[in-house]
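Please explain how the strands, aromatic rings and main pocket of this protein are arranged relative to one another.

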Amino acid sequence: MAKVSQTTLIMVRQFDVSAERVFDAWINPVMMRKWLMTNEGTNKLAANEPIVGGRWTIIDEREGVEYTATGEYLEIERPTRLVFTFQMPQFSELIDRLTVELKPLSKGCEMTFTQVINVAQEENWTEADIEKALGEYNSSTEHGWNLMFGGLKDMLSLYVRIQQIGTDHIAESDGQALKQLGESFFKNEYEHAIFSLRYLGYVEQESVLFTDAGVQLLKLLAQHKA
């Protein structure tokens, strides 16, 4: 068996929502499928059993190829701490350990994410080779999480906007009123929402948001409000 070296990645992010909402985004399959190792448009499966010893699985399909990410929950202390393992079996037998720690701020919360990355050494690697490989794995892993955390922030920001509109107001409004809400609120006050909606797999074209499909989108977001 090949020798294994480790490198640790630590990332800190802040969100304008409570720690509970961010925590739930990590363990609620409805939310997981929108940002964690996948997105709404390419996700084939998002399933988990959020108890210590339970497992989680994400299957994402890109260009006809399925990619599986899976692991086991080791610690669950809502809403402050989540520890679980992470593996992509088709690429490696090695299993990483991920830790998510959340603390409240005066507005929103701060998330500290830690991943202990295991790297298999190849035969005849020198110390310099090992150091180079660890640096490359750390950098590429950080890049991937940067993209995912961008999706997470976009998703949570959309929920914040839905809350600001008011879920009761959305539920009681007719289709035409919701179209007007969508156009005035999302397009004018939150320009980045269009990119967010595309990234999260809700819509392919901006115009869709302000049609009957957009009305259903608003109601869907309201039902799954954070």
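The paragraphs below take up the strand pairings, then the aromatic pairs, and finally the largest pocket.

The coordinates come from a predicted model, and every value given here is computed from it. A convenient place to begin is strand β3, which spans residues 55-62 and pairs with two other strands. Strand β2, residues 43-48, runs antiparallel to β3 and is joined to it by five bridges, with Asn43 standing opposite Asp60 of β3. These two strands form a hairpin in which six residues lie between them, and Gly53 in that turn has a positive phi of about 95 degrees. With strand β4, residues 65-77, β3 again pairs in the antiparallel sense, here through eight bridges, and Thr57 has Thr70 in β4 as its bridge partner. The hairpin of β3 and β4 has two residues between the strands, and Glu63 in the turn adopts a positive phi of about 55 degrees.

Strand β3 also carries Trp56, whose ring leads into the aromatic pairs of the model. There are 13 aromatic pairs in the count. One of them joins Trp56 and Phe86, with ring centres 6.4 Å apart and planes at 15 degrees, and this pair is stacked. Its two members are 30 residues apart in the chain, Phe86 belonging to strand β5, residues 81-86. Trp56 counts as buried because its relative accessibility, 2%, falls under the 20% cut-off; Phe86 has a relative accessible area of 12%, so this residue is buried as well.

Phe113 and Phe149 form a pair of another geometry: their centres are 5.4 Å apart and their planes stand at 80 degrees, so the pair is edge-to-face. This contact links strand β7, residues 109-120, which holds Phe113, to helix α3, residues 127-165, which holds Phe149, across 36 residues of the chain. Phe113 and Phe149 are both buried. The four rings described so far belong to one cluster linked by ring pairs, which also includes Trp26, Trp35, Tyr73, Phe84 and Trp145.

Several of these elements reappear around the largest pocket, which has a volume of about 870 Å³. Its lining consists of 29 residues, and those nearest the centre are Met37, Phe86, Met88, Phe91 and Met148. Phe86 thus appears both in the stacked pair with Trp56 and in the lining of this pocket. Strands β3, β4 and β7 and helix α3 each supply at least two lining residues, and the largest share, eight residues, comes from α3. By residue class, the lining divides into 15 nonpolar, eleven polar and three charged residues.

How values were computed:
Residues numbered from 1 in each chain as written. Predicted model: local features only at pLDDT ≥ 70, side-chain atom pairs only at ≥ 80, totals over all residues. Heavy atoms only, no water. Phe/Tyr/Trp six-rings, centres within 6.5 Å; stacked < 30°, edge-to-face > 60°. Helix = DSSP H or I, 4+ residues; strand = E, 2+ residues; numbered from the N terminus. Buried < 20%, exposed > 50% of the residue type's maximum accessible area, 1.4 Å probe, protein only. Pairing = 2+ DSSP bridges. 1 Å grid on protein atoms, 1.4 Å probe; cavity = no way out; pocket = protein on both sides within 12 Å on 5 of 7 lines; lining within 4 Å. Points joined across faces, edges and corners; volume = space filled by probe spheres on them. Nonpolar A, V, L, I, M, F, W, Y, C, P; charged D, E, K, R; others polar.
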